Amino acid sequence: LETDTGRRPTTLDTSIWGPIPRLANTLLARLGSRPSLGGLCPDLFSDAFPKPGQLMELCGDNGTAKTEILLNLLATCILPPKWRDFRIGGIGTGVVFVDTNYQFSMLRIFSILEKKVMDAVKTQPKVDVEERPADTSANQDGLDSDMEGANDMPEKTLDATEVESFIKTCLEKLYLIRCNSSQQLLITLHSLENVFANRSEMSVLMVDSWSAFYWMDRAGFGDQASLLNDSQINLTKALGKLIDENQITAFVTKRISIRSGVKTESSLNVMTGSPSSRQVPAGEKLLNCQELGTKDWKKIVSQRFILDRSERAISPVVESKSANSRPRELFTATRVLPEPVKTVRFLVSSKGCDFNVA
């Protein structure tokens, strides 16, 4: 083995093997423990919580609350488990959010975070004194003597400034990236390898939406379907490599046209056909909707959810005279991968996604 200097190394010479320390640090960062996503949205994931190295796919037609689900998951991820004396119920992990639709609303995610925090403060029990870390108080000598009177102390009220400051701190865990082409998306996925490799506190990647540039690329490549296919393959491989090598969890939204009836094939297996008035179960809809892309995509998807609008509307609970009495639209999320198939219903409100639907 000859080096650039012409010498044959017999021992580990850092002057010759400069990249090795950097590679070792990268390996240690990748092997470092990332925040667990156990307990993330149990209404949606139930017994199959997202794990490192997995890809969660949220697919559906336009207007099926795919982005709302993603924002709800984002809020839970960047919120901490506890804040002050209150259980917030978050994960406390960093998130990279890739916005390809240019529809990400900072105002919306701020509103969801605010509602979650205020609900936690109002409804959830305070953290017990004995559960507090031993180093959170500057004076520990008199802690035991004050135990009995701790529960009798008046509850501190939080003003809007404190909550706003806390939310801004949570938003520091959010890394927002916008892409306007499939080429930018591919470059972004490759560049994120260093980000995740050196930041063990970041464990989540979100892409909204994975199919944003499909029709743009299809029009640009024209009759050269092989070029479009190669582009989709490169994107899929880059995403799969990023997830696998860094052991992160990815959530992506993807638009599919839910159709039932006669199937027709195009050059890239995009399902077309006239819609039917018959109500088709979500599991059957999946069979009637082939991949918007390549076969390699199926290999990296761990869980797939089909989102749809329900025909039934929910009458809201009127909490005040000023409450909107309009029926709210009901959505369904059906997990079709892995089996067994499971469907949950939810509403979209100012608090985010509400799965407490009778």
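A residue is called buried when its relative accessible area is under 20%, exposed when that area is over 50%, and partly exposed in between. In the predicted model described here, buried residues make up 42% of the 358 residues of the protein. The protein has 11 helices and 11 strands. Its accessible surface amounts to about 19700 Å², and carbon and sulfur atoms account for 52% of this area. Of the contacts between residues at least 6 apart in sequence, 72% join residues that are at least 24 apart.

Helix H3 covers residues 66–78. Its end C-alpha atoms are 19 Å apart, which agrees with the 18 Å that its 13 residues should span at 1.5 Å a residue. The helix is mostly covered, as 12 of its 13 residues are buried. The buried residues of H3 include the charged positions Lys66 and Glu68, together with Ile69, Leu70, Leu71, Leu73 and Leu74. Asn72, Ala75, Thr76, Cys77 and Ile78 of H3 are buried as well.

In soluble globular proteins, nonpolar side chains tend to be buried together. The largest nonpolar core of this model has 48 residues, and those with the most contacts inside it are Leu74, Met206 and Phe251. Helix H3 gives the most to this core, with 8 residues. Residues of H3 also appear around Met206: setting aside neighbours within four places in sequence, Met206 is in contact with Leu70, Leu73, Leu74 and Cys77, and Leu74 is itself one of the core residues with the most contacts. The other contacts of Met206 are with Val95, Val96, Phe97, Val98 and Phe251. Another core lies apart from the largest one and has 23 residues, among them Leu239, Ile248, Ala250 and Val252.

Side chains of opposite charge can pair when their charged atoms come close. The model contains 12 salt bridges, counted with a limit of 4 Å between the side-chain nitrogen and the carboxyl oxygen. One of them joins Lys254 and Glu57, with a distance of 2.9 Å from N to O. This pair links distant parts of the chain, since Lys254 belongs to strand S7 (residues 249–255) and Glu57 to strand S1 (residues 55–60), 197 residues apart. Lys254 and Glu57 are both buried. The two residues are also linked with Arg304 in a network of salt bridges.

A further salt bridge is formed by Arg108 and Glu68, whose closest N and O atoms are 2.9 Å apart. Arg108 lies in helix H4 (residues 106–123) and Glu68 in helix H3, so the pair ties together parts that are 40 residues apart in sequence. Arg108 and Glu68 are both buried. The salt bridge between Arg199 and Glu201 has its closest N and O atoms 2.4 Å apart. Here Arg199 counts as partly exposed because its relative accessibility is 30%, and Glu201 is partly exposed because its relative accessible area is 35%.

Strand S9 (residues 328–337) is mostly covered, with 7 of its 10 residues buried. Strand S10 (residues 342–349) runs antiparallel to S9, and 5 bridges join the two. S9 and S10 form a hairpin, with 4 residues between the strands. Within this pairing, Ala333 stands opposite Val344 of S10. The C-alpha atom of Ala333 is also separated by 5.6 Å from that of Ile306, although the two residues are 27 apart along the chain. Ile306 is located in strand S8 (residues 303–314). With a relative accessible area of 1%, Ile306 is buried.

Ser231 is found in helix H9 (residues 225–246). Its relative accessible area is 15%, so Ser231 is buried. When residues up to four places away in sequence are not counted, Ser231 touches Ser182, Asp217 and Phe221.

Notes. Residues are numbered from 1 along each chain as its sequence is written. This is a predicted model: local features need pLDDT of at least 70, side-chain atom pairs count only at pLDDT 80 or more; totals for chains, interfaces and linings use all residues. Side-chain values use heavy atoms; hydrogens and water are left out. Buried means under 20% relative accessible area, exposed over 50%, partly exposed in between (1.4 Å probe, protein chains only). Two strands pair if DSSP finds at least two bridges between them. The expected span of a helix is 1.5 Å times one less than its number of residues. A nonpolar core is a set of buried Ala, Val, Leu, Ile, Met, Phe, Trp, Tyr and Cys residues joined through side-chain atoms within 4.5 Å. Contact means heavy atoms within 4.5 Å. Accessible areas come from the Shrake-Rupley method with a 1.4 Å probe; for residues, only the protein chains shown count as cover.
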